[in-house]
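Take a look at the model below. Where do its parts meet, and what fills its core?

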2 protein chains.
Amino acid sequence: MNEYSPQVLSKMHPKDFRQIVREGKWKGITNEACENYVQANLAIVPKAYAFEFLLFCQRNPQPTSLLDVTEPGSIEPFKVAPLADLRTDLPKYRVYRNGDLIDEPADVKKYWDNDLVAFLIGCSWSFDWALKAAKVQFRMVGAYNSNIQCRPAGVFRGQMVVSARLFESSHDAMRAIQISSRHPECHGVPVHIGNPDTIGIKDLSKPDVFKLVNGIPQKANEIVMFWGCGVTPQTVAMEAKIPLMITHAPGHMFVTDRLVEEMAIL
Amino acid sequence: MNEYSPQVLSKMHPKDFRQIVREGKWKGITNEACENYVQANLAIVPKAYAFEFLLFCQRNPQPTSLLDVTEPGSIEPFKVAPLADLRTDLPKYRVYRNGDLIDEPADVKKYWDNDLVAFLIGCSWSFDWALKAAKVQFRMVGAYNSNIQCRPAGVFRGQMVVSARLFESSHDAMRAIQISSRHPECHGVPVHIGNPDTIGIKDLSKPDVFKLVNGIPQKANEIVMFWGCGVTPQTVAMEAKIPLMITHAPGHMFVTDRLVEEMAIL
C-alpha cells in the first residue's frame, strides 16, 4: 500500500485512482489522492429508509450536502462518477447492522443487493483544496459532536457533527467564509464562529470523531470556525439502528470525477 | 375578491394574506401579494411516490428548487411557514387523478389524507422582487416547454419547463445572472441564454404554459434568458399519471413567511 507516493497519488486522475483501489493496490486513506477533485462520504441504506434519509439530507444541507443519489440497486453514481463501482472503489468500508459495526471490508460485494440506495455526501477535504488554492492559512483540528440539533426526518434525528479549523488572520477567516460559501456541495458556509462552548464543545484539543492535529490547543489569537461534517448522517442512521447501513471507513473516501472548482457556485 | 387593492395586498404580511385566503376573501392570483416574500409552487403526492419525487427534485434543482417538504400527512410546512395549512391557504388548487385534471377547488380538505406528502418549490416571482430591488429592467414573457431533458428519477422523467425574460441592457442581463445565482431557492442561475431555438423554442411570442406579456415579440437588441420553471415537476408527475396529485392552480401560489433576501446565498 505504500507503492504510491503522495506526489503520485495527488496527480492521479480519479478514474485511475479508483482502478488501483478496485484492484486492491491502494488500501489507505485518500487525503493525498487526486488533488482538486471532490471527495465524498458514502452512506448506503435500504430503499425502505431512502425517502426519510433523503429528506434528512435535504433538511440539513450543511452537514449532508448531497453530491449524488443512486437508483435503487445501482452501483453507479452516474452524476459524479460514471462507470464507477460503489461496491469496490473505496479503500475501506464499514458495515452496520441495527446500528452495530459488524465488518470493515475492502469491498462490499457480498452485502450488495438490489434494494440498496447509495448517497454520496460532500467531504470538506474537497473544499480544503479551494482554501489552499487561495493561499488561505489554517489548521484543521478535527471533528466534534456539537449540540446543534439537526432538523429530523422520520427515524433520522440527532446532533450535528462539525469539523473545526483555526485561523490566525481575520483576513484568512473572511476568505474562508467567502470561499466555503461558494461550495455548498462541500458543506458551504460555517455553522459557527467563536466560542466552541456555545455549541457544546468543551475542549477543542479533544476532538470526538477524529483528529488531524494531535492535541495542539487553540492559540490566543486564533479564530475558530466550525463546518457541518458529512459524518453526521452516518451517526444519525447508526443511532436510528436501521437494519443495514454501509459507509466508507473514516478517511477512506470515494473520489469523484468532478473538480472542486467545477462545482463551485458564483 | 377585488376588495383588496394591489397596494394593500403587496404590504400584507404573509400570515395575514394566508388568513384572508383561508377565509375565502381572496380567490385571485398572488403576483401582487406580500412584496419581498418567497412564493411557492405546490405539489402534493402520495407517500409511495415521495422518494422518487424528492429524488427528481434533488437531481433537477434549477426547475425544482425545494423550499420545504412536509412530514407524511402533515398540513404544515414548518420550515417556511409554521402554522400554515396547506389544505386551505392557497387561493385555488388543481387535483389530478392518473394525470387527468378532475377538480379545481378553493380548498383540498376533502382530498386530504395521512398518506400525502407536500412539496413547496421556489417560484421565480420571488426572485423578480430581488431583480426589481436592484433596479434591473426586464420583461417577463412567459413559460415554455423546452427540449432540455431533466435527469429522471423512477417514474418521473421529462423535459424542463422554462420561463423567459428579456433584457435590453447587457449590464442588466449580467446583474440578473449574478442576482439569480444568489437565489438557488428560486431556480438560481439561468439554464440558457441566447437563441431560443437551441432549446427547442420555436416562437418566443407563443408561450406554451402561460404568458404575461401578450404576444409582444423580442426586439432586435433584446437578450433573452431562460430559467428553470417550478411547473416542471407538476408536468412530469402528470405525465407519470400517478394516482393522485394536488397542485396550486397556475398563478395561485403559496406565500411563505420567508423574505427573499433572507434566503439568498452570499
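This report covers the core, the domains and the chain contact of a predicted model.

**Core.** The largest nonpolar core has 158 residues. Six of its residues have the most contacts inside it: A:Val45, A:Phe53, A:Leu54, B:Val45, B:Phe53 and B:Leu54. Take A:Val45. Apart from neighbours within four places in sequence, A:Val45 is in contact with A:Ala50, A:Phe53, A:Val117, A:Ala237, A:Ile242 and A:Met245.

**Domains of chain A.** Chain A is divided into two domains. Domain 1 is made of 6–125 + 233–259, and domain 2 covers 133–232. The centres of the two domains, taken over C-alpha atoms, are separated by 22 Å. Domain 1 of chain A gives 26 residues to their contact, and domain 2 of chain A gives 24 residues. On the domain 1 side, these elements of chain A give two or more residues each: strand S1 (37–46), helix H3 (47–59), strand S5 (116–122) and helix H6 (232–239). H6(A) supplies the largest share, 6 residues.

**Contact between chains.** Chain B and chain A each put 10 residues into their contact. On the chain B side, helix H3 (47–59) and strand S2 (66–69) each supply at least two residues. H3(B) provides the largest share there, 5 residues.

The table lists two of these sides by residue class.

| Side | Nonpolar | Polar | Charged |
|---|---|---|---|
| Domain 1 of chain A, touching domain 2 of chain A | 14 residues | 9 residues | 3 residues |
| Chain B, touching chain A | 8 residues | 2 residues | no residues |

Key:
Residues numbered from 1 in each chain as written. Chains lettered and ligands numbered in written order. Predicted model: local features only at pLDDT ≥ 70, side-chain atom pairs only at ≥ 80, totals over all residues. Core = buried A, V, L, I, M, F, W, Y, C linked by C-beta atoms within 7 Å. Buried ≥ 20, exposed ≤ 12 C-beta atoms within 10 Å, placed from the backbone. Contact = placed C-beta atoms within 7 Å. Domains from an automatic or database assignment. Helix = DSSP H or I, 4+ residues; strand = E, 2+ residues; numbered from the N terminus. Nonpolar A, V, L, I, M, F, W, Y, C, P; charged D, E, K, R; others polar.
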